[in-house]
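New to this one? Take a quick look at the fold before reading on, and then we'll walk through it together.

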Amino acid sequence: MPEATERPYILHMFTATPQTSPFDVNMAADAGYQIIVPYCNVDATMVTHLTQEAIFSRGPTGVSRTGIFIGGRDAILAADMLDIARRAMVPPFEVSVFADPAGSYTTAAALVALAERHLKRTHEMELGGKRVLILGGTGAVGRMAAAMAASLGADVTIASHHSLARARQVSDEINERLAIATTAASAASAGALRDALADTEILMATAAPGIQAASADDLAHARRLLIAADVNGAPPEGIAGVNVTNDGKPIGPNGGAGPIGIGALAVGNVKYQVEHRLFVRMRTSGKPVYLGYVQAFEEARAAATELG
């Protein structure tokens with residue numbers, strides 16, 4: 001048996017999906033975890049048992065070198081699983097837990113933090129009070145971006161290209177679950193989308209890859225637009241004119257007089273930093289930490305500020 005100080009860093013990865021994310025496995029290894037074990041098809045009822053199985057076998061020293069990561073694709077379920085894992089701890093047998101389902105917490109955090117940074121840098125304005133429209137807002141990233149922008153006092157609207165009913169369902173759900181205030185809009189037709197764009201100041205596209213959520217003709221109706229930010233790295237552009245490499249570059253025919261764009265690579269760079277830092281924090285903190293979307297957003301704001 002090796003000495004306690006030589007015990008490996010072990011990460012247990014819980015996911016409600018049939019497989020864990022290779023991206024997250026790579027990130028965990030690069031952050032210093034030596035043994036990474038996936039547990040697939042995990043539902044909320046299994047989290048207490050799995051957590052307690054992880055904490056009791058290594059002693060107080062070994063438990064400090066043990067962590068739990070919660071993945072999956074459901075942003076709200078992951079938040080619930082994080083809370084369940086926390087309540088399952090029996091101090092001093094307590095480990096750190098980090099949730100980032102489908103990268104939604106860290107991606108949304110990077111998206112909103114960069115929008116906040118560029119708004120302040122380019123326009124000397126705060127995000128609070130600004131009209132934010134999130135296209136593809138019913139997905140995991142859109143939901144969490146809505147929560148983060150709303151936490152700063154933005155006037156957030158979630159749009160669905162399926163129907164207004166779907167947007168309202170998600171808006172109502174996250175308003176109640178996350179104690180925020182958002183509204184809903186339809187993007188199911190060009191007319192509905194353009195109506196929603198008319199007063200939009202910050203436009204975020206979090207739709208699935210390969211979907212153009214707003215065309216150039218659509219953007220012509222967004223006369224108050226200051227920032228257009230897109231997380232889609234696959235063609236076509238999620239927002240017309242927002243190239244994946246954009247990081248504050250003006251878009252549209254008016255050049256410098258028009259809105260600025262934030263593309264997928266800029267968002268991805270900050271997202272990568274945030275996920276890495278949170279994995280490292282979990283492994284090196286010296287005491288148990290619980291890292292969810294709130295902590296991801298705090299870390300993203302710090303990372304974005306460091307960009308200057």
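Accessible areas here come from the Shrake-Rupley method with a 1.4 Å probe. By that method, the chain exposes about 13,100 Å², and carbon and sulfur atoms supply 52% of that area. Keep in mind that you're looking at a predicted model.

**The overall picture**

What is the chain built from? It has eleven helices and twelve strands. Its C-alpha trace spans about 70 × 40 × 30 Å along the principal axes. A compact globule of 308 residues would have a radius of gyration near 19 Å, and the chain comes in at 20 Å, so the two agree.

Now for the inside: buried residues make up 51% of the 308 residues. As for who touches whom, take the contacts with a separation of 6 or more: 72% of them are between residues 24 or more positions apart.

How many charged side chains are there? The chain carries 25 positive and 30 negative ones, and the centres of the two sets lie 3 Å apart.

**Some unusual backbone spots**

A bit of background helps here. Most residues other than glycine have a negative phi, and most peptide bonds are trans. With that in mind, have a look at these places in the backbone.

| Place | Backbone feature | Value |
|---|---|---|
| Pro91 to Pro92 | cis peptide bond | omega near 5° |
| Pro235 to Pro236 | cis peptide bond | omega about 0° |
| Asn41 | positive phi, not a glycine | phi near 55° |
| Ala179 | positive phi, not a glycine | phi about 55° |

Where do you find them? Start with the cis bonds. Pro92 sits in the loop between α4 (75-87) and β4 (96-99). Further along, Pro236 has its place in the loop between β9 (227-230) and β10 (247-250).

Then come the residues with positive phi. Asn41 belongs to the loop between β2 (35-39) and α2 (47-55), while Ala179 is in the loop between α7 (164-178) and β7 (182-186).

Is Ala179 buried or exposed? Its relative accessibility is 70%, and exposed means over 50%, so Ala179 counts as exposed. Asn41 has a relative accessible area of 48%, which falls between the 20% and 50% cut-offs, so Asn41 is partly exposed.

If you'd like to find these spots in the view, try Pro92 in its loop between α4 and β4, then move on to Ala179, in the loop between α7 and β7.

Terms used: Residues numbered from 1 in each chain as written. Predicted model: local features only at pLDDT ≥ 70, side-chain atom pairs only at ≥ 80, totals over all residues. Heavy atoms only, no water. Helix = DSSP H or I, 4+ residues; strand = E, 2+ residues; numbered from the N terminus. Rg over C-alpha atoms; globule rule 2.2 N^0.38 Å. Buried < 20%, exposed > 50% of the residue type's maximum accessible area, 1.4 Å probe, protein only. Contact = heavy atoms within 4.5 Å. Lys, Arg positive; Asp, Glu negative; His and termini not counted. Charge placed at Lys NZ, Arg CZ, Asp CG, Glu CD.
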